[in-house]
Amino acid sequence: MKKQIRILSISVLFITLTAFIVKAQEAENEYEFTDEYRLETSSVKSQDRTGTCWCFTTVSFLEAELLRMGKEEYDLSEMFLVHNTYQKKADHYVRFHGKNNFGQGGQAHDAIYEFKQHGIVPEEVYPGIKYGGDTHQHSELVSVLKGFLEPLVENRRSNPSPVWEDAYQSVLDSYLGKTPEEFEYQGKTFTPKSFAEFLEINPDDYVEITSYNHQPFYESFVLEVPDNWSHDLYYNLPLDEFMDVMYYSIENGYSVVWDGDVSSEGFSHGDGIAVVPEDEEADFKNKPVKEKDIDQEYRQKLFNNFTTTDDHLMHLTGIGKDKNGKSYFVTKNSWGEDSNEYDGFLYMSEPYAELNTIAIMVHKDAIPDEIANKLDIE
């Protein structure tokens, strides 16, 4: 009996030790991030059921710029900019006889352009929801807007009525609300333009950069993605210098607007990770894995064959490292604070950024001098 008890005790001990070792190995495999740079940002918002990540991200970027400048934390209205952008999109769509892209998507420059042209207001002044509920939902809105515009471009022999823009505006106002001409905020009276001036953000300070070798480097070109519906110009850099700008910007206190692809297998916002596993079967969601080496040619190949597309915009607000010393960009998403265990943020690896970044927007002062000189940016 004593022998049996001894054997049983040894077996229990063995099982316990085995479980401890397995648990220790699992813990060893888990992601552990240490933030080297973490820039101050406003709270995480949710774009809800809309394709307006371009505006939520750029507004987050502008709110971070205000914090960088030593100002208070502001909650600025995304929908004020979206409302005005839908108006400009309609004008382009009609002038291009229905051949220009019209939809919910856009780019960082769209928000900056509207900020410059029409100003900005606080969120409390213009939440931009007039269709019931407290979350943004734009599928019906865009369907109605597109349906309104189609008859104007289908029959080219029929001139659009001179009042179509007013009628279109009334649809926007019905869904989002009329944009204010004047408002009270913190005991002062502002117009959207005077409020933008009060914030002291210069929209001319921001530039967009990309990295593709089908166009000359160190020059600017119209980036060929559908959501660049306004046909804006982007500076073009080789990949190594492109990445240098991203690192330099954050290391010097400037956050970055990120535009890129989030449709690949290595992107998992719910797990707070974005990587490019060398082995596509690897368990990248739970532990660091070996990643592919990314170069200019591979990046270009996936852009050319439409594997890499401009799915989403997010906000780069820091740099972290995992326990193996690999670098990641701390990335603020616009899917809500409760969307993952990192309070709405995720960690994007360097290879993921090298491969999947379509373009970035940065402050001109966030570009290293030698690169700015090559681009003739003053």
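**View 1. His 97 sits in the loop that runs between helix H3 (78-95) and helix H4 (108-118).** This is a predicted model, and the close-up picks out a backbone oddity. His 97 isn't a glycine, yet its phi is positive, at about 55 degrees. Is the residue buried or exposed? Neither, quite: His 97 is partly exposed, since its relative accessible area is 41% and that label covers values between the 20% and 50% cut-offs.

**View 2. Gln 186 is another residue with a positive phi, in a loop between two strands.** Its phi is near 50 degrees, and Gln 186 is not a glycine either. The loop in question links strand S2 (183-185) with strand S3 (188-190).

**View 3. Strand S13 (residues 357-363) is largely enclosed by the rest of the structure.** Why say that? Because 7 of the 7 residues of S13 are buried. S13 has strand partners to look for here. Strand S4 (residues 206-210) pairs with S13 in the antiparallel sense, over 5 bridges; to get your bearings, find Val 207 and its bridge partner in S13, Val 362. Strand S7 (residues 256-260) also pairs with S13 in the antiparallel sense, this time over 4 bridges. In that pairing, Asp 259 has Ala 359 of S13 as its bridge partner.

**View 4. The second largest cavity has S7 and S13 in its lining.** Its volume comes to about 40 Å³. Which element gives the most to this lining? That's S13, with 3 residues. The lining includes Ala 359, Ile 360 and Met 361, along with Val 257 and Asp 259. So the bridge partners Asp 259 and Ala 359 turn up again here, both lining the cavity. Others to spot are Gln 107, Ala 108, Glu 208, Tyr 234 and Leu 313. By class, the lining has 7 nonpolar residues, 1 polar and 2 charged.

**View 5. The largest cavity has a lining with 6 polar and 4 charged residues.** A search of the whole structure turns up 2 cavities of 30 Å³ or more, and the largest has a volume of about 70 Å³. Helix H2 (residues 53-68) gives the most to its lining, with 4 residues. Among the lining residues are Phe 56, Thr 57, Ser 60 and Glu 63. Ser 42, Ser 43 and Lys 45 line this cavity too, as do Glu 78, Lys 332, Asn 333 and Ser 334. Just 1 residue of the lining is nonpolar.

How values were computed. Residues are numbered from 1 along each chain as its sequence is written. This is a predicted model: local features need pLDDT of at least 70, side-chain atom pairs count only at pLDDT 80 or more; totals for chains, interfaces and linings use all residues. Side-chain values use heavy atoms; hydrogens and water are left out. Buried means under 20% relative accessible area, exposed over 50%, partly exposed in between (1.4 Å probe, protein chains only). Two strands pair if DSSP finds at least two bridges between them. On a 1 Å grid over the protein atoms alone, a cavity is a set of points where a 1.4 Å probe fits but cannot get out, and a pocket is an open set with protein on both sides within 12 Å along at least five of seven lines; lining residues have an atom within 4 Å of a point. Grid points are joined across faces, edges and corners, and a volume is the space filled by probe spheres set on the points. Ala, Val, Leu, Ile, Met, Phe, Trp, Tyr, Cys and Pro count as nonpolar, Asp, Glu, Lys and Arg as charged, and the others, Gly among them, as polar.
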